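Open the model in your viewer and keep the selection panel at hand. Each stop below says what to select and what is there.

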Amino acid sequence: MSDDQITIEVDGKSLKANKGQMLIEITDANDIYVPRFCYHKKLTVAANCRMCLVEVEKAPKPLPACATPVMDGMKVKTRSKLAVNAQKSIMEFLLINHPLDCPICDQGGECELQDLAMGYGGDVSRYQEKKRVVKDKNIGPLIQTDLTRCIHCTRCVRFGEEVAGLREMGATGRGENMEIGTYIEKSVNSEMSGNIIDLCPVGALTSKPFRYSARTWELVEKDGIAPHDSVGSNIHIHIKGDRVKRVAPADNEAINEVWLSDRDRFSYEGIYSEDRLQNPMIKEEGVWKEVDWETALDVVKQKLGSALESHGANQLGVLASPSSTLEELYLLQKIARAVGTNNIDARLRQVDFSDQNSVSQFPWLGTSIADLETLQSALLIGSNVRKEQPIINHRLRKAALKGAAIMMLNPVDYDFNYPVETKTIVAPEKMPMELAAILKALIETTGQSIDEQTKQCIDNIDITDAHRKMADKLANADDAIVLLGNIATAHPHFSLLRSLAGLIAKHSNSKIGYLSEAANSSGVWLSGVLPHRLAGGVESTNVGLNTHAMLQEKLKAYVLMGVEPEMDCWDSRAARTAMNEAELVISLTAYRSDEIEKYADVMLPVSVFAETSGTFINNAGSSQTFAGVVPPVGQARPAWKFLRVLGNLFNLDGFDYESSSDVLDEVMQSIGEIKTNNMDQWQSPTSLEPASNDLQRITEIPMNMIDSICRRAVSLQKTADVSDGAIHINTALAGKNNLTDADNARVEQDENSVTLKVVVDDRVPDDCVLIQAAHIAQIDLGASFGSIRIAKA
Amino acid sequence: MTETAKTILTEHTRSEIDVWLKKYPEDRKQSAVLAALREAQHQNHGYLTTELMDAVAEYLGMSNIAVYEVASFYSMFETQPVGRHSISVCTNISCLLMGSDDIVEHVEKKLGIKTGETTADGKFYIKCEEECLAACCGGPMMMIDHKYYENLTPEKVDEILDGLD
Ligand code: SF4
Ligand code: FES
Ligand code: FES
C-alpha cells in the first residue's frame, strides 16, 4: 500500500494520495471545493460537463479534476486565473440553453447549477439567439421531468446502468438535438428510481408528488429512519409547517450508502391520506361516534376489563405490526402479560411456527449489510429481495458484478438486475425437496458425514447437475451465505426449509441469514412480542398462541396495533372471520377502512412514522432511535403514550414513563447485548413429503402493499408494484383451463370461492397460481399457500 | 435470442447481422449495432420503428434505450416513416461554394415538398441537413439511397429523379 502513496500539491498545500485516484477525490477528501456537475462519487466518471477544470502545472490547458489521475509531485491550482476563467466559460456554455426559470423551478434553492451560476455565471448573458426547448416526458407517477433544464451530465443515465441495473434513461439525438429521456413514453420502473431526483444537479428531474408544494428554503430538515423494510435506511425528512413534504436519503455508508428505495422515499404521502383516523371513535349500537381520548380510554378500560373478566385472559389475542417501534412493541407485550395473556405476536405472515424455540435471539441477516458486497456466493431461498429489501439487493448486485455467484430457489421466476448464476423455480411444495437435493449433492462432494435421521431423509432423492453446481458454488467460496427470504418465512414448511438451509450452510461452511420483512422485525423478537418469549429473548414459562392460532381459534377479544388483519395476515379469510366474530376488537390504527369499521368496537388514532419517536432494530441488529418530527394528524397520539396511560388505568406497575427514551432504556436493559448470531438449534428434518398433484397457491406481497401506510401512499399506488387482485398463471395452465389474459376465473380454496381476473404470467411455474396479497378481491380465499382450484367463470 | 426478435427481423436480416456478429467477440455483440440497424432499416423500406429497434436490442442483448440512442444519433437512420427514395443534397462548404443551394431549391420545387418532407405518393423524401459526404471534388453532389450523383445541374437532377421508379 505504502508504495502507492504519493504526494501532490493543491493550492499550495501538500496532500497525500494513492496512485490511480482522481484529482477530485483528493480535493474532496481535503475539503477543497472543485465545482462539478457530472462527477458523483458513486458513479463512473463521464467527464462530460467540464465544470471541474483546474490548472495543473506543466499541462498546456486546464484539466478536468474528475478525470485526471493524480501523479507524484503534481502541482494543482483550483482557484488560479486560468482555472477560474475556464470554469466561468464552461458555465456560460451550460447556461446557453438553460431556461433560467429558477423562480418556477422546484430545484431552486438546492440547485447545483443555480449555486454555481452565482459563483461563476455572468450577470448578463451574451447569448442572444434562440434557446432550445425540450418537450417533457411522462416517466411515471414518481418523477417529474422538465428536460429543457437538463445539462446533459448523464448522471441519471449512469445511475440506471450502474446502480439500478436497468437502463431506462438515455441520451437520444445528437448535438443540439440531444435529449435525455426514455425515447418512448414509458414509466421508469426501478424500485430505486427516485434516486435520480437527488442525482440530477438541476431541476430537470424532480419529485412529482412534491411538485409546487413548497420552496426548498421553507423546508426544515430532520433525521429519521425509513419504516418499510428491515434495512433501516437513514433518511432526511423535509418539513414545512407541521407537514412532511418530502423524504430524501441521508448518507450512511454502512447501511444505505447514499440511496433510498422508492417505497421509503414516497410513502410519506400515506401520512396525509384521507383515510387517516382523526379522532378516537367508539361504536355504540352499530353506529360510530367520535369521542375524546378520555372517554375512549374509559371505554377501553371498561370493555377490555369486562371481556377479561367474563372470558379470561386466554381469550384475548394481541397482534402488532412489525413496523411498530421497539417502545410500542415492548409496552404492548408488557400490558398483555400483565393482564395475563401470552397470546401476542407480530409475525403476521407466517404459519409454521413449529421450531420457534430454536431461534437465537432474533432472526439475523447473518452478516453486516456492507459485507454482503464482498460475498463470493449466496443462495437465496424464497426471496424477491429486489423488491422486498431493495438496498440489500443493491449490495448483492455489487457482489454479483464482482463475480459472486448469486443463486435462487424461488416459487416465481423473479427478475433480478444482475446475472443470477443458477435459479431453480419450483412450486412451493417442491422447495424442501430441492434443498434436500442440494444438501445431498453437498454431502457427496465434500464427503462429510451427517446424522442418521437426515441421511435417511435424503437418501432416495435424485440429484441433478443444477444441485451439484449450487453445492459446489457454496462449498468452494471463501465467503458464502444462505439467505431465507420473505416467501420462505411464509412457507407452510418454513421450519423444514430452515433446517435444510441450516444444514446446507453448515456443510458448505457458509453463513446463514434471514431477510426479514419489516422495519422492526428484529425488534419484535427482542421486545418479546411473541407468544413464547419475553423481552430480551427470555423463554416464557407459559406459551401463548401465535398469530395463526389466535385467528384460527376465534378468540373473544383482540387488540390490534397498526394491523389490518385481513390485509396483513397469512390467512386473510381466517383473519377477517376472527375479527368479525369477536366480541371485542380494539384497534390502535392510523387509518379507518370499511373493514375495520365493520369489526372494530373502538378505534384509537395512533401516529405513524415521522409523528412518533422510537427505535427500529434493523435486520443486521443495528438499533436506530429517531425523534418525532411533526405533530400527529388530528387527535392521533403516539401509541406508546396511549399504552403508558392504559397501563396506569389498569393499575399495572411500572408504567410511569416520562418519555419514549425511558421506555427504551428499560427494553435495552432487558435485551442487554444484541447478539448477532444465528446459532440456532437446528432440528434435523424428519421426513420429506412428496409433492401433491394439486394446483398450488403462491402468495406474494408486492413492494408497495407491505403495510397500511404504503397502501395509502397515492403515488406509490400508481406504480406497477401493487396488488392487481388477479390470478397469475402461466401459458400452459391457462391453456389447460381454456383461459386467456383478462378472462374471469372462478377461484376456489377450501369451500370458498371468488371470481378474479386472469393474468397470463410465465414467471409462475406449472400448476401454480400466484396471487398478490393485501387486495380486497382475494380476502375471502384465505391461506397464502396450499391447494387451490380454478375454472373459467 | 427469443421469439420476438425472430418474428420481427426477417431471416435475411438476421443472417446479414450474423455475418457482422462473427467479426466481434462473443461478449461484444453490441459492436454490430450499426450494421444491425442498417439491415433492419433496409428490411422496412428505409425507416426504423420502435418495434424493429427493440428487436435489434433483443438480438444483440442490449437495452432498448441504448439502441434508440444509436439510431437517433446517426443521420443515416430514420425513425419516422419516410419516402422510398431518400435524397440527401450535400450543403456543406465545398458543395455550397459550387451552388448546392440552387440544387436544393430545384429539388424542392420539382417535388413540391420542403427539406425534411416526403411526397404525398410516398416516393421521395428529402433529408434534412446532410453534412459533407466526402465527395467534395464532385460538388455539388447528392446521395439518393446509397448512390452518389456528382457535378449536379438542375437538368441533371431532373434526369436522375425521373429515372427512378
Ligand atoms: S436529467 Fe438531470 S441528471 Fe439527467 S442528464 Fe439531465 S441534468 Fe443530468
Ligand atoms: S465533473 Fe468533471 S467533467 Fe463534469
Ligand atoms: S462538402 Fe459536399 S461532399 Fe464534401
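The tour goes from the chain contact to the pockets. Bear in mind that this is a predicted model.

**Stop 1: the contact between the chains**

Colour chain A and chain B separately. Select the residues of each chain that touch the other. You should get 13 residues from chain A and eleven residues from chain B. How much area is buried between chain A and chain B? The figure is about 990 Å², and carbon and sulfur atoms give 57% of it.

Now pick Arg167(A), Arg174(A) and Tyr183(A). In chain A, these three lose the most area to chain B. Together they account for 59% of what the chain A side buries.

**Stop 2: polar links across the interface**

Show side chains for Glu69(B) and Arg167(A). They meet in a salt bridge, at 2.8 Å from N to O. One salt bridge is found across the interface of chain A and chain B. For polar contacts, the count between the two chains is four residue pairs, with both residues at pLDDT 80 or more.

Next, select residues 170–172 of chain A. This is strand β7, which gives three residues, the largest share of the chain A side that touches chain B. Colour that side by class: five residues are nonpolar, five polar and three charged.

**Stop 3: the largest pocket**

Turn on a pocket surface. The largest pocket has a volume of about 970 Å³. Which residues lie nearest its centre? Select Gly173(A), Arg174(A), Asn177(A), Ser72(B) and Thr79(B). The full lining has 30 residues. Two elements give two or more residues to it: β8 (179–181) of chain A and α5 (64–73) of chain B. By class, the lining has eleven nonpolar, ten polar and nine charged residues.

Keep Arg174(A) highlighted for a moment. This residue is among the three in chain A that lose the most area to chain B, and it is also one of those nearest the centre of the largest pocket.

**Stop 4: the second largest pocket**

Move on to the second largest pocket, which holds about 800 Å³ of space. Select Glu112(A), Ile197(A), Asp198(A), Leu199(A) and Pro249(A), the closest to its centre of the 31 lining residues. Then show the elements of chain A that give two or more residues to this lining:

- α5 (195–199) and α6 (262–266)
- β9 (205–207), β11 (234–240) and β12 (243–249)

Finish by colouring this lining by class. It has twelve nonpolar, seven polar and twelve charged residues.

Methods: Residues are numbered from 1 along each chain as its sequence is written. Chains are lettered from A and ligands numbered from 1 in the order in which they are written. This is a predicted model: local features need pLDDT of at least 70, side-chain atom pairs count only at pLDDT 80 or more; totals for chains, interfaces and linings use all residues. Side-chain values use heavy atoms; hydrogens and water are left out. Contact means heavy atoms within 4.5 Å. Buried area is the accessible area (1.4 Å probe) that two parts lose on being put together, summed over both. A salt bridge is a side-chain nitrogen of Lys or Arg within 4 Å of a carboxyl oxygen of Asp or Glu. A polar contact is a pair of N or O atoms within 3.5 Å; within protein, one must be able to donate a hydrogen and the other to accept it, and residues adjacent in sequence count only if both atoms are side-chain atoms. Helices (H or I, at least four residues) and strands (E, at least two) are DSSP runs, numbered from the N terminus. Ala, Val, Leu, Ile, Met, Phe, Trp, Tyr, Cys and Pro count as nonpolar, Asp, Glu, Lys and Arg as charged, and the others, Gly among them, as polar. On a 1 Å grid over the protein atoms alone, a cavity is a set of points where a 1.4 Å probe fits but cannot get out, and a pocket is an open set with protein on both sides within 12 Å along at least five of seven lines; lining residues have an atom within 4 Å of a point. Grid points are joined across faces, edges and corners, and a volume is the space filled by probe spheres set on the points.
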